[in-house]
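Please look over the structure shown here and follow the explanation that goes with it, which turns to one chain and then to a contact between two chains.

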Amino acid sequence: MEMRKGLRRLTAVLSLITMAILMTGCSDKVIVLNPKGAIGKQQLDLMIISTALCLVVIVPVLILTFYIVWKYRHQPDRKAKYDPNWEHSTKLETIWWSIPIVIIVILAAITVKYTYLLEPSKPLEHEAKPLVIQVTSLDWKWLFQYPEQGIATVNYIQFPANVPIRFELTSDAPMNSFWIPQLGGQIYTMSGMAMKLNLIADEPGSYLGMGANFSGREFGKMQFTAEATSQEQFDAWVQGIKGSSPALTKEGYEQLAIPGVSEVESFSSIPAGLFQQIVTKYGGHNHGSGSGEGATEHHHGSDSGEADATDKAPAMDMNMDMGDGASMNHEGHMNHE
Amino acid sequence: MADNRNAHAHEGHHDLEALRMMGFWIFLITDCILFGTLFATYVVLNGNTAGGPTVSELFEMPGVIAETFILLTSSFTSGLAVLSMNKGNRKGLIGWLIVTALLGASFISLEITEFVKLVHEGAAISTSAQWSAFYTLVGTHGLHVSVGLVWMIAIMIQLGRHGINSVTRRKVNIISLYWHFLDVVWIFVFTIVYLMGVM
Amino acid sequence: MLDKIKDFASEFFVTGDPLIYGADVSIGLTIIAVVSALTFFKKWNWLWKEWLTTVDHKKIGIMYVIASLLMLFRGGVDALLMRTQLAIPDSEFLSPEHYNQIFTTHGVIMILFMAMPLMFGLFNLVIPLQIGARDVAYPFLNSLSFWLFFFGAMLFNMSFVIGGSPDAGWLAYPPLSELSHSPGVGQDFYIWGIQISGIGSLMTGINFIVTILKMRAPGMKLMKMPMFTWSVLSSCLTIILAFPILTVTLALLFIDRYLGAHFFTLDGGGNPMMYINLIWMWGHPEVYIVVLPAFGIFSEIVATFSKKRLFGYKSMVFALMSISAFSFFTWAHHFFTMGSGASVNAFFALTTMIIAIPTGVKVFNWLFTMFRGQITFQTPMLWTIGFIPCFVVGGMTGVLLSVAPADFQFHNSYFLIAHFHQVLIGGVAFGYFAGLYYWWPKVFGFKLNEKIGKWAFWTWNIGFYVCFMPQYILGLMGMTRRVSSYGWDKGWWELNLVSTIGGFLMGIGFLFQVWQILHSIKFMERDTTGDPWGGRTLEWSIPSPAPVYNFATLPHADEKDPWWEEKLRLAAGGTPKPQPSLEPIHMPKNSGIPFVMSSFFFVAGFGFVFDWLWLAIPGLIGVAACMLVHSFRYKTDYYIPVDEIKRTEAAARRVV
């Protein structure tokens, strides 16, 4: 009796929650499900495909669970069969080893395909030339440099919609993670390395940007706005900053890097090579020089696959040699020397 | 103790001392992983000298080769100790253990001399990642050897008191196993740290 | 002089927060109350002889369970403080500093000082009885493991009132956890607390592997072991392979902080990413270490309460072993967003997905154990049935997270938080609760009140869904983990409020459990049968609570469910097996060394935390001295004479 009441209560709660999900799912607030850029949209496709594949198994299992628990509950005049010694059936077990294997094989194939397709350092195919924004996570603020425009901002970025954006990311503080959910997934910002993330906004709008990885006391304040506008508005904005904002000097950067929170700021010029200096500052770092060179290279606008290879290498071969002994690392070192 | 062990060893299927020997083997597996992790960190950080001295500049192979030779010999003498024990020769057993311990002690003193010299030449643990990893890996091995020394002395005293019985026999077997294990680890240290460092 | 002392005290003790003053007072009062009660009732001797020096696995198990329930309380209070802070936007209930400390201690305590010891408690209470042994392989080491855990946990918890808590997250990623960014002693408390208890965990792993491999009752072949025993074996194998990595990683972090080394620093050629790799090479297997025994518990309970053999025994064993093997090859899925390149991400995505296969098979086997069974719904079974849907959904979101490119959107968000709480609460906590309810009568000799237990179950369950389902959506709304507050403009507050309500419901569930225990102690419902649930394995064949030597004569186990088969045979009119004659039983003597040695470890750890070598070195010397003293002791055992066994057995059967 108790059980039946409980089950009904649980079903009620579950259906309420499902309704809540469906209702909020339609609203704009669930930003990951409401992407505004090509990358975010493909990632959403992948989420939907993988969820659907999982539900193919999960839903029958849940139904089966409730059915079996209900049907085989102990009661005085039960009609269902009781077979205490039934413990094995090759046929059944083959079935349920195969079902998850099949699902996982399908999912794995899709995942591998998308992993290469959506590799964040891969340039987007687009007729427009990408805009470069150099991102530095500081204690507890974001510095954005526009090397081609020669301006910089703090905790705010603006860029034209329908133009690919090539983010180059590093950190001058504990690791953080750069995330604009409506444009696409995040990537870590790490000292001594220049990571790359290619995103695009399909339509103008104001998007939430987050520092996603915990980095200390005021980590919660590391949020920023990413504004996608028309090309004209973007150009006007750049001109506005050039005309009215102060310059960012080396000393100004040192000031900015002191731990603390910051308002939105803008600078009309940036010291030459600041981003590369931040990356190479941790120069003795494992493979640091490799990534430093990578960063310099694409600063000159190089999009070649080679540049990609050099600065993807650091994190990659490190992961590999964690997995397996000496030889790997040695090769890694050779590459860099 | 050993004689009325039968009461515990029901149907003879778990002998207490054999049980302890097995536990020690499993402990050695965990120690393997410990050293494996340290070797991995060493290999990852190898070359990260941050502008400071490199290993090939400072390593002096004659001393290291002497250390290697001493430790290999001590592994051999610890084997001789076990052989004497199996013959029931307590004096021979204790004698070979003393030789082993003396060799171990000279290994440690050579290693300490090497460390002091390196520090004077400007390579301390805080100099760079390269040297942090070096001191930690080699030092962990040295710490293992030192613990082994104290333990070996304790066993010698117990052998003096109780003679060779099932308990002391197991203890000697275990310390000898431990000693061979440290020897094998040292061969890896010698190859990966020193040989590959100077080559 | 006085000023100096004042300065020192204000550095040494954590000050400035009413919550902490409150905690200080209550800790002080509790200590005074305990000490005076022990003195008043003249119980010091009893405490020392019966508990602090015991090497009896049953008593050690009980101490593990009590300690872990206290830790569950503290970790739970941490959780509720966080949920209270997040219930409304722009809340100023907790400062960011304080919030950071709380989520750090919540994580560490729940995994390392709650889940692990509760698991070890169940190992201790059940394994020797289930395999028909008199004790574990190394009773002395077992006691040492417990006290190392206990003093490690105390050292960690001490940071709450002395010196300041760690605040760099439960895995303490450098460079944040390095001296450069965390100059306080909190991080050192973290390192030493975990390090000391970690040594204990490693020894427990070794101990139970040997116990299971070497001390099984005659006739119990490997493929006839109870499933819980199998799960403990797989968990312990994972422990011995994973915990040394943790030991090294924390030691390196300590060397960085203490000697200025450069393993994980930003300067000097250090590599913080290496730490992240290392810590997850332990951290991911760790999750399986705690969940595998829960799988074992469910397997036992599902068979008992369906009155039916466990379905697909061989598949279950194979699944357990393959899960523990694969758990070592998935660690990088915790940082797909590190930019390691598509090949690395694809590899780790695949290994992660592969684990879903054996896990899924286990669910099917549990379902088909119930199929054609006769299910009754006592509390252990309720938690098991509550577990299945919860774990299935949690497992599904885990598969979603393993899809690397999609993980770029889930990572570090509340979606992730919801996922791992669903598998850790729905899998691990529910599993251990089920195990506690199931074996409670065997341990204490009385059953827990079923009615209050059902209330506890339902509040926990409903609370769980109310708390964590909204968090999946919050993650998709862009809410990242570890933010201490958020603005009204984000639109996150409704769901956060719902989630907080759910959190408090679980808190009420916990109170129900406390009430249930107290109520059951008061109106004790004695278990006179030794077999209250109709059990199937050997532990149910002896009286409850088990006598100190467990089995008067060692049992034979020729079947997979030996006790069940024996009962069937007797019911069919068979004669009881002839018992071999009683013989004196060889038992290990109690020893104070584990307690003393662990307290020296505590002293050494405390000394290193505050950089006081005058304290740390004597502590380490004390540890070494204890080991030597133990090595020189040869008389560590005694015999229980036959007539004493006869008296004990007669007394135990008398209640029958």
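How many positive and negative side chains does chain C have, and how far apart do the centres of the two sets lie? In this predicted model, chain C carries 42 positive and 38 negative side chains, and a distance of 14 Å separates the centres of the two sets.

The fold that holds these side chains is made up of 20 helices and 4 strands in chain C. Measured out along the principal axes, the box filled by the C-alpha atoms of chain C is roughly 75 × 60 × 45 Å. Because a compact globule of 656 residues would have a radius of gyration near 26 Å, the 25 Å found for chain C agrees with that expectation.

Burial and contacts add to this picture, since 68% of the 656 residues of chain C count as buried. Where contacts in chain C join residues at least 6 apart in sequence, 82% of them link residues that are at least 24 apart. The area that chain C exposes comes to about 21,500 Å², and carbon and sulfur atoms supply 72% of it.

Chain C also meets chain A, in a contact that takes 103 residues from chain C and 102 residues from chain A. Between them the two chains, A and C, bury about 9,400 Å², with 73% of that area on carbon and sulfur atoms. On the chain A side, W96(A), W97(A) and F214(A) supply 8% of the area that chain A buries against chain C, which is more than any other three residues supply.

Conventions: Residues are numbered from 1 along each chain as its sequence is written. Chains are lettered from A and ligands numbered from 1 in the order in which they are written. This is a predicted model: local features need pLDDT of at least 70, side-chain atom pairs count only at pLDDT 80 or more; totals for chains, interfaces and linings use all residues. Side-chain values use heavy atoms; hydrogens and water are left out. Helices (H or I, at least four residues) and strands (E, at least two) are DSSP runs, numbered from the N terminus. The radius of gyration is taken over C-alpha atoms; the globule rule is 2.2 Å times the number of residues to the power 0.38. Buried means under 20% relative accessible area, exposed over 50%, partly exposed in between (1.4 Å probe, protein chains only). Contact means heavy atoms within 4.5 Å. Accessible areas come from the Shrake-Rupley method with a 1.4 Å probe; for residues, only the protein chains shown count as cover. Lys and Arg count as positive and Asp and Glu as negative; His and the chain ends are not counted. The place of a charge is taken as NZ of Lys, CZ of Arg, CG of Asp or CD of Glu. Buried area is the accessible area (1.4 Å probe) that two parts lose on being put together, summed over both.
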